[in-house]
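Q: I am new to this structure and would like a close look at a single part of it, the interior. Please describe it carefully, and then place it in the setting of the rest of the fold.

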Amino acid sequence: MSLQSLALIENWPAPTAAAGVVRADGTVLGTHGPADHRFPLASVTKPLAAYAALVAYEEGAVELDEPAGPPGATVRHLLAHTSGLAFDEHRTMSAPGERRLYSNAGFEQLGDHIAKATDIPFAEYLRQAVLEPLGMTSTSLEGSPAKDGVSTVADLLRFAAELQAPRLLDPRTVAEAMTVQYPGTKGVLPGYGHQNPNDWGLGFEIRGAKSPHWTGSSSSPRTFGHFGQSGTFLWTDPDAQVAAVALADRAFGPWAIEAWPAFTDAVLTEARG
């Protein structure tokens, strides 16, 4: 079967777009557009980097609650955007654990911390720990662990299947990554304004009761994932037992705010039906 709803990407004002949907057992329900076209991921890089960090944790290279980043912060704070670091600057804006300050700098410090702990450059560690085992041969990290990944829909569907039925990590670790860290923390969700609370797991944004949001009105509160400023997103809905990836080469903006929720609702309706 191939989901008809995926054809909605043809209406997006992007020169190139591709999308796909995968079930927990790895069954691809369909793709639309060039599934092997490499797109810049922007912040959809972060879930990949977070997964590598969780492999490092399971390998014993790092502990989630060991010091990392600014004074008083830990690996967990960096993953959950509660280290207090500014958005794109390596300066501290608040004490760790107080506010959900979405931070590229935090993921850069996380990458540096893991590189030192493993004695492997972070891009190479990501390749060995996540990309290679999952067969993500068209994916690479070409700079910052916060935003410089490049990948394809076909590769990200492999990652989305892994998120639903983990093979590289203990399922309990993945469950922790999908669980709200520092519950009740307020903060700004980029592109969507102030959220109270602004729920986040370990490298994954959690939908919760956020409104407005880039997922659909029918997405379950347990939905987790990430979107990127390059016009990209990946979500997994544990209640619907399905995940979707959409990549485009047009920067996030009003078009995405309008198009993405309708796309997600159509996909969920069809996948559930």
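A: Of the 273 residues of the protein, 57% count as buried, a value that, like the others here, is computed on a predicted model. The surface that the protein exposes comes to about 10500 Å², of which carbon and sulfur atoms supply 52%. The chain forms 7 helices and 11 strands, and its radius of gyration is 17 Å, close to the 19 Å that the globule rule gives for 273 residues, so the protein is as compact as a globular protein of that length. Along its principal axes, the C-alpha trace spans about 50 × 35 × 35 Å. Among contacts between residues at least 6 apart in sequence, 57% join residues at least 24 apart.

In soluble globular proteins, nonpolar side chains tend to be buried together. Here the largest nonpolar core has 53 residues, and the members that touch the most others are Y51, L79, L110, I114, V130, L156 and F159. Helix α1, residues 45-58, gives the most to this core, with 9 residues. V130 shows how parts of the chain meet there: leaving out residues up to four places away in sequence, V130 touches L48, Y51, A52, V55, Y125, F159 and L168.

Helix α1 also holds A56, which is buried, with a relative accessible area of 0%. When neighbours within four places in sequence are set aside, A56 is in contact with A61, V62, I114 and Y125. The C-alpha atoms of A56 and T118 are separated by 7.9 Å, although these two residues stand 62 residues apart along the chain.

Apart from the largest core lies another, of 31 residues, which includes W12, A17, W255 and F263.

The strands complete the setting. An open sheet of 6 strands, with antiparallel pairing, follows the order β2-β1-β11-β10-β9-β8. Strands β2 (28-32) and β8 (205-206) stand at its edges with a single partner each, so one side of each is left without a neighbour in the sheet. Helix α7, residues 254-272, packs on this sheet and touches β1 (17-23), β2, β9, β10 and β11 (242-248), while its direction makes about 35° with that of β10. Within the sheet, β1 and β2 pair in the antiparallel sense over 4 bridges, and A19 stands opposite H32 in β2. The hairpin of these two strands has 4 residues between them, and in this hairpin G26 takes a positive phi near 90°. Elsewhere in the sheet, 5 bridges join β9 (residues 224-228) to β10 (residues 232-237), and these two strands run antiparallel; H226 has L234 in β10 as its bridge partner.

There is also an open sheet of 3 strands, in the order β3-β5-β4, again with antiparallel pairing. Its edge strands are β3 (39-42) and β4 (140-141), each of which pairs on one side only. Strand β5, residues 149-151, and β3 are joined over 3 bridges in the antiparallel sense, and the bridge partner of P40 in β5 is V150.

Key
Residues numbered from 1 in each chain as written. Predicted model: local features only at pLDDT ≥ 70, side-chain atom pairs only at ≥ 80, totals over all residues. Heavy atoms only, no water. Pairing = 2+ DSSP bridges. Contact = heavy atoms within 4.5 Å. Axes fitted to C-alpha atoms, helices over the stretch in contact; angles between N-to-C directions. Rg over C-alpha atoms; globule rule 2.2 N^0.38 Å. Buried < 20%, exposed > 50% of the residue type's maximum accessible area, 1.4 Å probe, protein only. Areas by Shrake-Rupley, 256 points an atom, 1.4 Å probe, with all protein chains shown as cover. Core = buried A, V, L, I, M, F, W, Y, C linked by side-chain atoms within 4.5 Å.
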